[in-house]
Amino acid sequence: MIRRHRFALALLAVLAAILFIAPLAKREVFQFRDHSDYFQPMRWFTAQELSAGRLPLWNPYSASGEPWLANPQTGVFYPPAWLFLAMPFETAYMLYLLLHVVLLGWGAYALFVRSGSSGAALAGAVAILFSGPVLSLMDVSSNLAALAWIPLALWCASEGAWKRGGVVLAMAFLAGEPLLAAVAALLYVIVRRHRDIIGTAAIAFGLSAIQVLPFIEMIRGTDRTGGMDPSQILIDSMPFVDWVHVVIPAYIYHKAYGQMYVPAVYAGLSVTLLAIVGLATLRKRRDLLGWIALLVATAFIANGPMFLTKLPVTLLRYPARLLPLAVLALGALAAAGWDRLRIDKRWLDLVVVLVIVGDLLPRVMPLLFTGPFHRDVVPYAESIGAKHKILRVGQDEMKRLESIGGYLNLYDHRYDSFTGAPLMTKAYLDVYTALQTSPSRERLDAAAIGYVITARELPPAFTRVARAWSMSAYAVPQPRSMAASIAASGVTPLTWEMDTSHARVIVDRAEPSVVTIAQQDAPGWSVTIDGKPAKKRLFFDVFRAVDVPGGRHEIIWTYHPRSFFFGAIMTLVTLIALTLSVFVKRAR
């Protein structure tokens, strides 16, 4: 197939590269929205840890500590993310995005050409690649990466390539977005409808188990397994009136939008007209019924129906982010429309492609502004957050840089009481909410809060130490150390150090005490005192603590989650089995 279609595949790659050539040449990166304060520091921190030979199991700097490898967005085991280990960060970041844009285009082309001409498949693929909803996902790169595998998963299902299908579905999950990976699996089952889906599921689960099992363990006890506010589940639902702007162009973040998750919803008037023509072929093309069903289902769910709040696991927040799946269906219908109209002349196919690009590209250009990659963007001295945590008060008033939003704290290894991650444990969320609403001395001490960032004026007891535009950073008077010894005679600060899988504390006190460290507990944490196992306990319901006898002792906390161990074994066994099956097939 590749030889027969290499012109179309090459053209798709070239067209996609147009979006990236200038920033790659200038060594710049996209700056829009979540690029700069979420995914860039996340990728940078993960790459730094792996390059130093450390497996980043834990992030000690955000949310008083949080599982890191277990979060699929970090992409520790996603092969394309290993680009960040092999080349300069700016180049890797842009090539990572380009790779998935091209993969999405190639997968859509391969899927559409099964039931139509090469020119029609090319037009449909271009309609998807340059659409506002798809390119809007570039700043949420885990969504883009997972979406990129969906057409290829559907192609595998249509071709009966069940082993490849398992690999593709595993890659969709490892790419970092569980929701879209689940959608890919569901669509695969609907299309395939064959008993070999059991084998596909076994391969997909086995290959991704090293990520799936820690992820499942991570979401247990969080608001994602029940108890999330319905308004948070349905936030940025896409009302049906927004669908007008899918056809009629509007400015980015149009004031009439009912959602803000997808900043550019325009999918093209030219594409829509071709899709309408495609509907006229419905009698001959029964396969289009599936695409119509996908379009309708996506529109319904993106609208935010109330049943989404009743699901046992809340994987779907921001329902509008399903809009790119509707664009995938629209691209398939547009390909069918051009297939009906086209004359067998390649230059006409190129004209249609250029018309589609010319229609879509101007509307997505605001998403594509770039700038140099900088790590020194936080407008506060590195001492703020270096040894004590940061607390934000009045988050609705915050700006991203002034409040050290997202994961910007990771650049300078600042300790933060909040996280950019989309989930928290219920217990810690309660503690954090209380810190914001009623920051009593007891709560500030328990969480080792040393700085408060806010746009408000704080009482005179808090000293303003820095100002950045509308925000100020205040020092908490006499903050408690991150590690402390609590005994009848009082509280003593302790010497401590920590990394992405360990924490070490030294205590030297004559009387017995409770040694606390202001880091969350999680399954997988264990503790030793002078090399001997000890029983951990909780302090303030969420933080780790241990009873220590009098004298000088070394306390070592170690994070080795069993879910990672078992997942790694399952993935290794699956890889060995697949490799052996390839050799056996060749031998035969």
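A pocket here is an open set of points on a 1 Å grid over the protein atoms alone, with protein on both sides within 12 Å along at least five of seven lines. The views below all come from a predicted model.

**View A. The second largest pocket and the helices around it.**
This one holds about 960 Å³ of space. Its lining runs to 40 residues, and if you want to find the middle, look for L154, L187, V191, G290 and L294, which lie nearest the centre of the pocket. Two or more lining residues come from each of α5 (89-112), α6 (118-129), α9 (150-159), α11 (178-192), α16 (288-302) and α17 (323-341). Which helix gives the most to this lining? That's α16, with eight residues. Sorted by class, the pocket lining has 29 nonpolar residues, plus six polar and five charged ones.

**View B. The largest cavity, with α3 and α4 in its wall.**
Rolling a probe the size of a water molecule over the atoms shows where empty space is left. Searching the whole structure turns up four cavities of 30 Å³ or more. The largest cavity, shown here, comes in at about 80 Å³. Around it sit R43, T46, A47, L50, T74, G75, A81, W82, F84 and L85. Both α3 (34-51) and α4 (83-86) put at least two residues into this wall, and α3 gives the most, with four. On the class count, the largest cavity is lined by six nonpolar residues, three polar and one charged.

**View C. The second largest cavity, with α20 and β13 in its wall.**
How much space lies in the second largest cavity? About 50 Å³. Its lining residues are D445, A446, A448, R480, S481, M482, T516, I517, A518 and F539. Helix α20 (441-446) and strand β13 (513-520) are the elements that supply two or more of them. Strand β13 gives the most, with three residues. The class split for this second cavity is six nonpolar, two polar and two charged.

**View D. Helix α10 packed on α11.**
Two packed helices are described by the angle between their axes and the distance between the axes. For α10 (residues 162-174) and α11, the angle is about 160 degrees and the axes are 8 Å apart. Angles over 145 degrees count as roughly antiparallel, so α10 is roughly antiparallel to α11. The crossing of α10 past α11 is right-handed. On the α10 side, the contact uses W162, G165, L169, A172 and F173, while α11 brings P178, A181, A184, A185 and Y188. Nine of these contact residues are nonpolar and one is polar, with no charged ones in the mix. Helix α11 also turns up in View A, as one of the elements giving two or more residues to the lining of the second largest pocket.

**View E. Helix α3 crossing α5.**
Here the axes of α3 and α5 come within 11 Å and cross at roughly 110 degrees. The range from 65 to 115 degrees counts as roughly perpendicular, which means α3 is roughly perpendicular to α5. From α3, the residues to pick out are H35, F39, Q40, R43 and W44, and they meet F89, Y93, Y96 and L97 in α5. The contact of α3 with α5 has six nonpolar residues, two polar and one charged. One of the α3 residues, R43, links this view to View B: R43 is in the α3 side of the contact and also lines the largest cavity.

**View F. Helix α1 packed on α5.**
Back to α5, this time with α1 (residues 6-18) as the partner: the two pack at an angle of about 145 degrees, with axes 9 Å apart. As α1 passes α5, the crossing is right-handed. A8, L9, L12, A13, A16 and A17 are the α1 half of the contact, and L98, V101, V102, G105, W106 and Y109 are the α5 half. What classes do these residues fall into? Eleven are nonpolar and one is polar, and the contact of α1 with α5 has no charged residues.

Terms used:
Residues are numbered from 1 along each chain as its sequence is written. This is a predicted model: local features need pLDDT of at least 70, side-chain atom pairs count only at pLDDT 80 or more; totals for chains, interfaces and linings use all residues. Side-chain values use heavy atoms; hydrogens and water are left out. On a 1 Å grid over the protein atoms alone, a cavity is a set of points where a 1.4 Å probe fits but cannot get out, and a pocket is an open set with protein on both sides within 12 Å along at least five of seven lines; lining residues have an atom within 4 Å of a point. Grid points are joined across faces, edges and corners, and a volume is the space filled by probe spheres set on the points. Ala, Val, Leu, Ile, Met, Phe, Trp, Tyr, Cys and Pro count as nonpolar, Asp, Glu, Lys and Arg as charged, and the others, Gly among them, as polar. Axes are lines fitted to C-alpha atoms, for helices over the stretch in contact, and angles run from 0 to 180 degrees between N-to-C directions. Angles under 35 degrees count as roughly parallel, over 145 as roughly antiparallel, 65 to 115 as roughly perpendicular and the rest as oblique. A crossing is left-handed if the near helix is turned anticlockwise from the far one by less than a right angle, and right-handed if clockwise. Contact means heavy atoms within 4.5 Å.
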